[in-house]
Amino acid sequence: MNLQLPGRIAIVLSLGVFFSPYIEAQSADDTTSDIEYSRKGADTCIACHDDADTLAIFQTKHALPSDPLGPFGHGQLQCEACHGPGGDHSPRVRRGEERPPIISFGPDDVTSVSERNEMCLNCHNDGIGFSWNHGPHDVDEIACADCHVSHAPRDAVMQTSTQPEVCFGCHQLQRSETLKAFSHPFFEGNMDCNGCHSSHGDTVATTLARQTVNETCYECHAEKRGPFLWEHAPVSEDCGLCHSPHGSNHPGMLTRRAPLLCQSCHSQAGHPSIAYQDDGLASGTSSQFLLGQACLNCHSQSHGSNHPSGSKLLR
Ligand code: HEC
Ligand code: HEC
Ligand code: HEC
Ligand code: HEC
Ligand code: HEC
Ligand code: HEC
Ligand code: HEC
Ligand code: HEC
Ligand code: HEC
Ligand code: HEC
């Protein structure tokens, strides 16, 4: 199917901005549908859809007429680059007759998620496609438009301060974790989910931003990488053995408090008898040494030590 769009279309925006891209022949051979594109591009649509919400698209990067690759660039399909051909949706309909639908990206959209996503991937495949396809969000049929808003000057998911709310819309468990007493500074707008996750998916489990949990953490907590003269084995293995990355009710975002944290791996039995009480440390919190910082009273270097005699993480 080849169609010739007529010469010059001019769009006068309510903002008072005037621009007049030339629309030329647009090959639409790759469309499987027989529906044609509307004759006057965006002008056709705006004749009916001139509310402020819809027109907000003109405040976004997508509307730049100077970007040849954008929907409003020279020779592009404008609104229909995303919404698909609107040739049968646009004409007047008789009273009582139903207007043929068009891809709306809304909750009532009759098209499949993959069809909708394909509209975006037509242009974004190079940047997004590789990691997106078969990633967890793709597999669970999440739409690009579930996270991204196109008709708004600001896309909430692209801003650190507003991104977590978008994700919490579906990830309630993570919301409740981040609301615990100790968490990363999500609500001060200093941290977003993207700090650790790549939202488009990738080959790493739980779509982390780096190859492993630890590599992800080192991005910002480089000092924990070491190398240490005396390593603490679990630290270089997985920060998640002791920390809950989304938040926890224990100071330092620990999965549990010392001594329980330490005792989940270390037996009391072997602890040196110099532990200053008849029953050593075995009596749990009855030992004065296990109050307050507990094991950390003495083993203060939980992440490893660079002190020549720090092999027991005491200094
Ligand atoms: C003659 C008027 C008219 C024209 C021209 C027109 N539409 Fe529509 N459009 C409507 C009506 C009426 C609805 C139904 C609104 C409703 O159900 O709330 C609609 C619905 C939509 C929806 C779904 C909105 C929703 O909330 O689900 C989208 C998206 C849309 N149109 C886009 C377009 C695009 C893109 C064009 C240009 C190719 C276009 N329309 C041209 C009248 C028009
Ligand atoms: C006709 C091609 C085309 C289509 C279709 C298209 N985009 Fe884009 N998109 C672009 C171009 C070009 C840019 C600007 C890239 C840049 O400036 O780096 C862009 C930018 C973006 C950005 C970044 C905006 C920013 O502020 O940095 C997002 C997010 C985006 N598109 C999402 C989408 C989604 C979601 C869809 C489908 C609903 C879509 N795009 C459809 C071409 C397209
Ligand atoms: C789970 C939410 C989510 C989904 C679903 C999603 N995105 Fe994104 N997208 C994001 C986030 C978060 C960013 C910001 C990335 C950053 O800040 O580096 C982003 C950034 C972008 C950008 C800007 C360029 C870039 O890579 O940083 C484009 C373009 C884009 N997305 C397109 C898409 C397309 C196309 C789809 C559907 C195939 C899609 N997105 C699905 C969350 C999502
Ligand atoms: C970059 C892709 C893209 C372009 C270009 C685009 N839209 Fe949309 N449109 C969307 C998405 C995605 C939604 C779903 C809501 C959102 O993301 O804002 C949508 C929603 C709508 C709706 C539903 C009601 C609403 O405002 O939320 C209408 C009507 C609409 N678009 C009309 C248009 C018209 C008219 C144009 C051209 C002037 C246009 N769109 C250009 C992607 C696009
Ligand atoms: C400090 C890094 C970090 C930040 C920031 C972060 N996450 Fe995570 N997230 C992780 C790690 C690490 C895992 C893997 C946990 C595991 O495998 O035990 C994970 C796992 C997940 C999972 C999968 C859980 C499961 O049980 O499979 C979801 C969903 C998730 N995160 C959502 C989010 C959301 C939403 C945000 C933003 C509010 C966010 N994350 C911010 C590090 C982070
Ligand atoms: C429209 C709903 C929706 C939104 C919005 C959403 N997700 Fe998801 N996400 C899902 C579903 C469904 C899954 C797959 C099932 C699961 O693991 O919970 C998933 C899975 C994940 C996983 C786990 C991947 C794995 O391998 O276990 C992470 C991490 C994640 N999402 C992060 C995010 C982040 C970050 C955002 C915001 C930028 C976000 N999601 C927005 C629905 C959503
Ligand atoms: C994008 C940067 C970034 C990444 C990646 C990151 N963090 Fe953080 N982390 C921060 C910031 C910012 C703070 C707050 C520092 C402050 O308040 O002084 C913080 C604080 C912490 C704290 C101290 C919390 C407290 O209550 O004192 C712990 C523990 C922590 N992060 C663990 C991790 C772990 C584990 C990972 C990897 C899963 C990780 N971080 C990945 C930025 C990051
Ligand atoms: C064996 C348990 C354990 C492991 C594994 C662990 N931590 Fe910790 N971490 C702690 C304890 C206990 C504290 C609180 C006391 C302290 O400050 O040492 C802490 C505190 C922190 C703090 C806040 C105070 C500070 O020292 O900056 C950050 C940040 C941190 N850890 C990051 C990490 C990172 C990143 C990893 C993975 C490389 C990691 N932790 C692995 C036990 C652990
Ligand atoms: C996930 C399991 C795990 C947790 C939790 C853990 N450790 Fe360890 N720790 C180890 C392993 C494994 C070693 C290395 C043992 C070895 O080399 O024989 C080690 C080594 C040590 C050593 C040096 C022992 C030696 O013989 O040189 C000390 C001291 C130590 N841990 C204290 C602590 C303290 C204090 C905590 C709580 C903050 C803690 N550990 C939490 C697994 C853990
Ligand atoms: C009062 C100080 C103190 C407290 C509290 C303490 N330790 Fe120790 N711990 C030591 C000293 C001193 C050594 C080293 C003895 C040596 O070099 O032979 C040691 C050694 C260890 C070792 C190495 C054992 C070995 O056989 O070499 C482990 C593991 C350990 N402590 C774990 C813990 C755990 C877990 C806790 C909390 C339940 C804890 N410690 C609380 C002082 C303490």
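## Ligand 5

In this predicted model, a polar side-chain atom of His246 sits 2.8 Å from a nitrogen atom of ligand 5. His197 makes a similar approach: an N or O atom in its side chain is 2.8 Å from a nitrogen atom of ligand 5.

Around ligand 5 there are 16 residues. The closest are His184, Cys193, Cys196, His197 and His246. Sorted by class, the shell holds nine nonpolar, six polar and one charged residues.

## Ligand 7

Ligand 7 has 15 residues around it. Nearest are His184, Cys217, Cys220, His221 and Gly252. His184 is thus listed among the closest residues for ligand 5 and among the nearest for ligand 7.

Two histidines make polar approaches here. A polar side-chain atom of His184 lies 2.8 Å from a nitrogen atom of ligand 7. For His221, the distance from a polar side-chain atom to a nitrogen atom of ligand 7 is 2.8 Å.

The shell of ligand 7 has nine nonpolar and six polar residues, but no charged ones. Domain 2 (124-207) and domain 3 (226-268 + 283-305) each supply at least three of its residues.

## The iron of ligand 2

His62 and His124 coordinate the iron atom of ligand 2. Each uses its NE2 atom, at 1.9 to 2.0 Å. The two residues come from distant parts of the chain, 62 residues apart. His62 is in the loop between helix 2 (52-55) and helix 3 (79-83), while His124 is in helix 4 (residues 113-132).

The arrangement is octahedral because the six donor atoms around this iron subtend angles of 88 to 180 degrees. Ideal octahedral angles are 90 or 180 degrees.

His62 is partly exposed, because its relative accessible area is 32%. His124 is partly exposed as well, at 40%.

Notes. Residues numbered from 1 in each chain as written. Chains lettered and ligands numbered in written order. Predicted model: local features only at pLDDT ≥ 70, side-chain atom pairs only at ≥ 80, totals over all residues. Heavy atoms only, no water. Near = heavy atom within 4 Å. Polar contact = N/O pair within 3.5 Å; in protein donor to acceptor, adjacent residues only side chain to side chain. Nonpolar A, V, L, I, M, F, W, Y, C, P; charged D, E, K, R; others polar. Domains from an automatic or database assignment. Donors = N, O, S within 2.8 Å, 3.2 Å for Na, K, Ca; no water. Tetrahedral: all angles 85-135°; square planar, octahedral: opposite > 155°, others 65-115°. Helix = DSSP H or I, 4+ residues; strand = E, 2+ residues; numbered from the N terminus. Buried < 20%, exposed > 50% of the residue type's maximum accessible area, 1.4 Å probe, protein only.
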